[in-house]
Amino acid sequence: MTISPRLREELLGSVRSLRAFAVSLCGQPDRADDLVQETLVKAWSNIDSFQEGTNLQAWLFTILRNHYYSEIRKRRREVEDADGHYAGRLAAHPPQQGHLDLADFKRALRSLPDDQREALVLVGASGFSYEEAAGICNVAVGTIKSRVSRARSHLAKTLKIESDSDIGPDSTAEAIFSSLKQRRA
Amino acid sequence: MTNKEKTNGKKPGKSPALDPNIQAHIGRKLRAVYDEVATAPIPDRIVDLLAKLEEDQRK
């Protein structure tokens with residue numbers, strides 16, 4: 001097995017975003033670094049199956065994601081009711097008023113169902129196209145688009161985000177809700 | 001609010017129903033959270049692992 005200097009540079013260059021993605025998946029920095037290490041070992045030993053010239057970052061993200069979910073399946077087989085989980089978190093945390101700071105945002109992000117959070121992060125932060133994100137998650141492009149859209153709506157509702165206008169948070173949220181209802185009616 | 005909003009039958013692929021300003025706001029916060037990790041120094045244990053992998057390759 002040999003790794004070309006160019007591929008090596010690309011591998012090293014992907015480590016930072018791999019870590020950020022891993023944290024967004026599992027929520028724990030230490031566990032995230034375990035995931036990154038396990039991913040790098042797997043990638044290194046399977047580098048022959050990577051087609052140079054294709055998207056290395058997407059390949060690494062796919063390995064990390066698959067590894068993460070197979071670990072979860074191994075650890076606990078219980079089925080999580082994503083909607084129930086979400087509703088529980090909402091009840092536990094009263095709606096945030098006023099300005100949106102990063103701690104509020106992180107909490108809201110963690111309250112998203114896993115599939116929505118990862119879709120949002122891949123497209124909105126890691127810089128992947130919808131098509132690439134669909135490949136990483138092994139679902140249809142439309143599924144990714146729908147998950148991203150639902151993730152944004154959930155975040156907006158949870159955080160009662162103020163728009164750029166002068167209206168307060170509550171009326172902003174109401175405006176969001178009514179606009180959602182209108183569009184989906 | 002009803003559950004319809006959660007399980008709406010909207011076709012995937014349509015543009016998001018959110019105000020563009022709100023969407024941009026969420027995007028900025030999301031990238032700020034992500035970049036907290038993505039711009040941090042790589043921990044020693046990962047640097048060490050990479051060095052070891054490279055060393056093994058040379059053998």
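# Why these labels?

Me: Which residues of α5(A) and α8(A) meet?
Reply: On the α5(A) side they are A:D104, A:F105, A:A108 and A:S111, and they meet A:L155, A:T158 and A:L159 in α8(A). Two residues are in contact if their C-beta atoms, placed from the backbone, lie within 7 Å. This is a predicted model, in which local features need pLDDT of at least 70 and side-chain atom pairs count only at pLDDT 80 or more, while totals for chains, interfaces and linings use all residues. Residues are numbered from 1 along each chain as its sequence is written, while chains are lettered from A and ligands numbered from 1 in the order in which they are written.

Me: How do the residues of the contact of α5(A) with α8(A) divide?
Reply: They divide into four nonpolar, two polar and one charged. Here Ala, Val, Leu, Ile, Met, Phe, Trp, Tyr, Cys and Pro count as nonpolar, Asp, Glu, Lys and Arg as charged, and the others, Gly among them, as polar.

Me: What makes α5(A) oblique to α8(A)?
Reply: The two helices pack at an angle of about 130 degrees, with their axes 10 Å apart. Axes are lines fitted to C-alpha atoms, for helices over the stretch in contact, and angles run from 0 to 180 degrees between N-to-C directions. Angles under 35 degrees count as roughly parallel, over 145 as roughly antiparallel, 65 to 115 as roughly perpendicular and the rest as oblique. About 130 degrees fits none of the named ranges, so α5(A) is oblique to α8(A).

Me: What is the handedness of the crossing of α5(A) and α8(A)?
Reply: It is right-handed: the near helix is turned clockwise from the far one by less than a right angle (anticlockwise would be left-handed).

Me: Why are α6(A) and α8(A) called roughly perpendicular?
Reply: Their angle is about 100 degrees, with the axes 8 Å apart. That angle falls in the roughly perpendicular range, hence the label. From α6(A) the contact takes A:D115, A:Q116, A:R117, A:A119, A:L120 and A:V123, and from α8(A) it takes A:I144, A:R147, A:V148, A:R150, A:A151, A:R152 and A:H154. Six of these residues are nonpolar, two polar and five charged.

Me: And what makes α2(A) and α2(B) roughly parallel?
Reply: Helix α2 of chain B covers residues 44–58, and α2(A) packs on it at about 10 degrees with the axes 10 Å apart. Such an angle is on the roughly parallel side of the cut-off, so the label holds. Here A:D33, A:V36, A:Q37, A:L40 and A:W44 meet B:R45, B:I46, B:L49, B:L50 and B:L53. This contact divides into seven nonpolar, one polar and two charged residues.

Me: How do you know that A:L12 is partly exposed?
Reply: Around A:L12 there are 14 other C-beta atoms within 10 Å. A residue is buried if 20 or more other C-beta atoms lie within 10 Å of its own, exposed if 12 or fewer, and partly exposed in between; A:L12 is therefore partly exposed. This residue sits in helix α1 of chain A. A:T62, found in helix α3 of chain A, is also partly exposed, with 17 C-beta neighbours inside 10 Å.

Me: Which residues are buried in helix α7 of chain A?
Reply: In residues 130–137, A:E132, A:A133, A:A134, A:I136 and A:C137 are buried. They pack against α3 (56–75), α6 (114–124) and α8 (141–159) of chain A. Just after α7(A), A:N138 has a positive phi of about 60 degrees.

Me: What has the most contacts inside the largest nonpolar core?
Reply: This core has 44 residues, and those with the most contacts inside it are A:L18, A:F21, A:A22, A:L64, A:A119, A:V123 and A:A133. Elements giving two or more residues to the core include α1 (5–26) of chain A and α1 (20–38) of chain B. α1(A) provides the largest share, seven residues. A nonpolar core is a set of buried Ala, Val, Leu, Ile, Met, Phe, Trp, Tyr and Cys residues joined through C-beta atoms within 7 Å. Leaving out residues up to four places away in sequence, A:L64 touches A:L18, A:F21, A:A22, A:L35 and A:T39.

Me: How many helices and strands does chain A have?
Reply: Chain A has nine helices and zero strands, while chain B has two helices and zero strands. These are DSSP runs numbered from the N terminus: helices (H or I) of at least four residues, strands (E) of at least two. Buried residues make up 36% of the 185 residues in chain A and 17% of the 59 residues in chain B.
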